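Student: I am new to this structure. Please take one part and walk me through it closely, then show me what lies around it.

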Amino acid sequence: MADLEQLQRKLTERGYRCSVFETAPEAVDYLKGSLSGKTIGFGGSITAREMGLYEALSQSNTCRWHWDGASLADAADTQVYISSLNAVAETGELVNIDGAGNRVASGLYGHEKVIFVVGTNKIAPDLEQAIWRARNIAAPKNAQRLGKQTPCAAKADRCYDCSSPDRICGAMVLYWKRPTCIPEMELVLVKEDLGY
Ligand code: SF4
């Protein structure tokens, strides 16, 4: 298990807020309490879906998610944006791969607050292994989930750096620190396995 206190310090040094929760329901309660009345856009996130976050936050917020029929543009036009990450390095760097681009774009620009909900299964010892995780664990599992015709999808064993028309890896964003156009970024870490 990673040293979460040290990781919190590293993330704080890089300009993020960081909250740690034992369980997903505790994290959901915290977010319900801190976000009431906001417009909230969601990126594609198995973690958010496993947490029931969209349903919980829709009780007292205007939530927009393309997985619930909203357009990508509407989800981008919100005060708050929520997604997960593909990997978090214990040294404080964050990694996300995206196919369409909406998730990484909204994680960089256009919102007053960005929140990453992350299970501790996403934590890697350093940047190199975080990138490896994003490319060889998260992306192949997503390709498999989506039924893509890519070499990684059959066994979700590793990335083949394919040139398939179905490739889901369009862009990879590495956060060294909080981008200044996003006034507030927060990692909500949950001590559970969530998403990929
Ligand atoms: S680049 Fe291709 S093979 Fe590699 S994870 Fe993405 S879709 Fe799979």
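Tutor: Start with helix 1, residues 4-13. In this predicted model, helix 1 lies across strand 1 and strand 10. Its direction makes an angle of about 160° with strand 1. Helix 2 covers residues 24-34. Helix 2 lies across strand 1, strand 7 and strand 10. Against strand 10, helix 2 runs at about 155°.

Now look at the two strands that helix 1 lies across. Strand 10 spans residues 184-190. Strand 1 and strand 10 run parallel, joined by five bridges. Take Ser-19 as a marker: its bridge partner in strand 10 is Val-188.

Next, widen the view to the sheet. Six strands make it up, in the order 1-10-7-4-2-3. The sheet is open, and its pairing is parallel. Why does strand 1 (17-21) have one side without a neighbour in the sheet? Strand 1 stands at an edge with a single partner strand, so one side is left free of a neighbour there. Strand 3 (62-65) is at an edge too, and the reason holds for strand 3 as well. On average, neighbouring strands of this sheet are turned by 20° against each other, direction ignored.

Follow the order to its other end. Strand 4 covers residues 80-83 and pairs with strand 2 in the parallel sense, over three bridges. Strand 2 covers residues 39-42 and pairs with strand 3, also in the parallel sense, over four bridges. Phe-42 links these views. Opposite Phe-42 in strand 3 stands Trp-65. In strand 4, Phe-42 stands opposite Ile-82.

There is another sheet to place. Four strands form it, in the order 8-5-6-9. This sheet is open, with mixed pairing. Its edge strands are strand 8 (123-124) and strand 9 (171-175), each pairing on one side only. Strand 5 (residues 87-89) and strand 6 (residues 94-98) run antiparallel, joined by two bridges. Ala-87 has Val-95 as its bridge partner in strand 6.

Last, find the ligand. Which cavity does the ligand take up? The space taken by the ligand is the largest cavity. Residues around the ligand include Cys-152, Cys-159, Cys-162 and Cys-169. Arg-135, Asp-161 and Arg-167 are also among them, as are Ala-139, Thr-150, Tyr-160 and Ile-168. By character, this shell divides into seven nonpolar residues, one polar and three charged.

Methods. Residues are numbered from 1 along each chain as its sequence is written. This is a predicted model: local features need pLDDT of at least 70, side-chain atom pairs count only at pLDDT 80 or more; totals for chains, interfaces and linings use all residues. Side-chain values use heavy atoms; hydrogens and water are left out. Two strands pair if DSSP finds at least two bridges between them. Axes are lines fitted to C-alpha atoms, for helices over the stretch in contact, and angles run from 0 to 180 degrees between N-to-C directions. Contact means heavy atoms within 4.5 Å. A residue is near a molecule or strand if one of its heavy atoms lies within 4 Å of it. On a 1 Å grid over the protein atoms alone, a cavity is a set of points where a 1.4 Å probe fits but cannot get out, and a pocket is an open set with protein on both sides within 12 Å along at least five of seven lines; lining residues have an atom within 4 Å of a point. A molecule sits in a cavity or pocket if more than half of its atoms lie within 2 Å of its grid points. Ala, Val, Leu, Ile, Met, Phe, Trp, Tyr, Cys and Pro count as nonpolar, Asp, Glu, Lys and Arg as charged, and the others, Gly among them, as polar.
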